[in-house]
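This report walks through one protein model for a reader who has not seen it before. Please look over the sequence and the structure first, then read on.

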Amino acid sequence: MGSGVVGTATGEGFLAAGHEVTFVDISASRIRELQSRGHDVRTELDLSGESDSFIFLTLPTPHAGYEYDLRAFSAGSTAVGKALKASPARHTVVVRSTVPPGTTEGLVKNLLEENSGMVAGEGFALASNPEFLRAVSAAEDFRNPWMTVIASRDPQTVERLRLLLSPFGGDMRTFSNPAEAEFVKCSHNIFNAAKISFWNEMWLVAREIGLDLDPIAATVAKSAEGSINPQYGIRGGAPYGGVCLPKDTCGFLGFADGVGVDMPLLRAVVQVNEHLEKVVSNEVEAAAEQAVPNTDRA
Ligand SMILES: NC(=O)c1ccc[n+]([C@@H]2O[C@H](COP(=O)([O-])OP(=O)(O)OC[C@H]3O[C@@H](n4cnc5c(N)ncnc54)[C@H](O)[C@@H]3O)[C@@H](O)[C@H]2O)c1
């Protein structure tokens with residue numbers, strides 16, 4: 001459902017693995033393109049007469065300012081709900097688009113239930129399975145994923161998706177709450193964006209003082225524990241401390257300022273850490289206060 005970059009890679013990947021696939025899209029040019037490649041393409045999802053199937057929602061979820069625009073995604077989900085109503089079989093709806101956490105069990109579940117007259121988990125199954133492929137190598141990435149994430153409240157649905165997707169290989173992580181899978185995908189993209197902005201900000205400073213960033217960044221990519229150790233720095237509620245990180249983040253901010261380069265990302269790094277220090281110390285104090293009456297009573 002939605003046969004653009006992700007929908008096409010998903011559908012063609014399943015076709016190559018021997019599955020039957022129907023592509024659905026509302027764009028005339030997408031439909032012509034997919035028909036020219038010999039695929040079964042429809043302008044509407046029709047499930048009447050279909051036996052149990054997986055329906056992958058690979059609809060667009062662009063942003064409008066600082067918000068996701070879920071209008072096309074909602075329209076596609078609504079159409080799936082109506083199609084479910086016309087089918088006696090129990091289908092599995094899988095959210096593969098990148099969506100804000102809570103969308104599968106909030107928006108999608110409601111739209112499917114309202115439009116099908118059925119209840120999720122009974123009349124149809126519902127799952128989240130975000131796509132990690134890169135647009136430049138979409139087909140190749142779908143067929144050789146390095147990470148597959150599946151989430152559903154229903155363990156049998158997780159298992160069915162595991163069987164469907166495990167032949168493609170790669171690491172597989174499963175969750176029982178779809179919001180966790182949705183959070184994984186959003187974090188994945190935001191982490192990549194933050195890393196890119198970090199090095200771009202460092203590049204501005206390096207350029208200002210006449211240094212070539214490339215060999216520097218390539219060295220740090222192999223030296224920084226945050227880069228070489230996947231476990232480093234990933235625990236929430238744990239601000240950095242010690243001597244070196246507070247010293248060099250604050251010191252470098254002043255250094256960059258001295259050569260005329262503003263570093264909003266580095267400043268935010270310091271501010272976030274200061275904020276977390278307060279949050280953690282408030283929570284420790286609150287826990288200690290709660291513990292006192294107990295001690296007194298004892
Ligand atoms: N492009 C990527 O590299 C990439 C990678 C991972 C995840 N994603 C996510 O996957 C989702 C899809 O992205 P994409 O790049 O494939 O988008 P896309 O724009 O290439 O494709 C979306 C397709 O959905 C169709 N569509 C829109 N409304 C529809 C409706 N109501 N019914 C049926 N079809 C409809 C459009 O015509 C279009 O062909 C997004 O959530 C995106 O964030 C994208």
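How do the residues of the shell around the ligand divide into nonpolar, polar and charged? Twelve are nonpolar, ten are polar and four are charged. The model described here is a predicted one.

**The ligand shell**

There are 26 residues around the ligand, and those that come nearest are Gly2, Gly4, Ser27, Ser97 and Ala135. Two helices, helix 1 (5-16) and helix 3 (71-85), each supply at least two residues of this shell. Helix 3 gives the most, with four residues.

**The largest nonpolar core**

The largest nonpolar core has 36 residues, and the members that touch the most others are Met1, Ile55, Leu57, Val80, Val93, Val94 and Leu112. Each of the following supplies at least two residues of this core: strand 1 (22-24), strand 3 (54-57), helix 3, strand 4 (92-95), helix 4 (104-116), strand 5 (125-128), strand 6 (147-151) and helix 6 (155-165). Helix 3 is thus named for the core as well as for the ligand shell.

Val93 can serve as an example of a core member. Leaving out residues up to four places away in sequence, Val93 touches Ile55, Leu57, Val80, Leu112, Phe124 and Leu126.

**Two annotated domains**

UniProt, in an unreviewed entry, places the feature "domain: UDP-glucose/GDP-mannose dehydrogenase N-terminal" at residues 53-162. Over this stretch the chain is 38% helix and 15% strand, and the C-alpha atoms at its ends are 15 Å apart.

A second UniProt annotation, also from an unreviewed entry, is "domain: UDP-glucose/GDP-mannose dehydrogenase dimerisation" and covers residues 180-274. Here the chain is 74% helix and 0% strand, with the end C-alpha atoms 27 Å apart.

Helix 10 consists of residues 244-258. Its 15 residues reach 20 Å from the first C-alpha to the last, close to the 21 Å expected at 1.5 Å a residue. Just after helix 10 comes Gly260, which takes a positive phi of about 85°.

**Four individual residues**

The table lists one C-alpha to C-alpha separation for each of four residues, with the distance along the chain beside it.

| Residue pair | Apart in sequence | C-alpha separation |
|---|---|---|
| Gly121 and Arg90 | 31 residues | 9.6 Å |
| Arg42 and Met1 | 41 residues | 9.6 Å |
| Asp171 and Val149 | 22 residues | 8.6 Å |
| Glu285 and Asn229 | 56 residues | 32 Å |

Where is Gly121? Gly121 lies in the loop between helix 4 and strand 5. Gly121 has 14 other C-beta atoms within 10 Å, so it counts as partly exposed. Apart from neighbours within four places in sequence, Gly121 is in contact with Arg153 and Asp154.

Arg42 belongs to strand 2 (residues 40-42). Arg42 is classed as partly exposed because it has 14 C-beta neighbours inside 10 Å. Not counting residues up to four places away in sequence, Arg42 touches Thr22 and Val24.

Asp171 is part of strand 7, which covers residues 171-175. Why does Asp171 count as exposed? Asp171 has 9 C-beta neighbours inside 10 Å, and a residue is exposed if the number is 12 or fewer. With neighbours within four places in sequence left aside, Asp171 is in contact with Trp146 and Met147.

Glu285 sits in helix 11 (residues 264-297). Glu285 has 10 C-beta neighbours inside 10 Å and therefore counts as exposed. As the table shows, the C-alpha atom of Glu285 is separated from that of Asn229 by 32 Å.

Technical notes:
Residues numbered from 1 in each chain as written. Predicted model: local features only at pLDDT ≥ 70, side-chain atom pairs only at ≥ 80, totals over all residues. UniProt positions renumbered as here; feature names shortened; annotations may be inferred. Near = placed C-beta within 6 Å. Nonpolar A, V, L, I, M, F, W, Y, C, P; charged D, E, K, R; others polar. Expected span 1.5 Å × (residues − 1). Core = buried A, V, L, I, M, F, W, Y, C linked by C-beta atoms within 7 Å. Buried ≥ 20, exposed ≤ 12 C-beta atoms within 10 Å, placed from the backbone. Contact = placed C-beta atoms within 7 Å.
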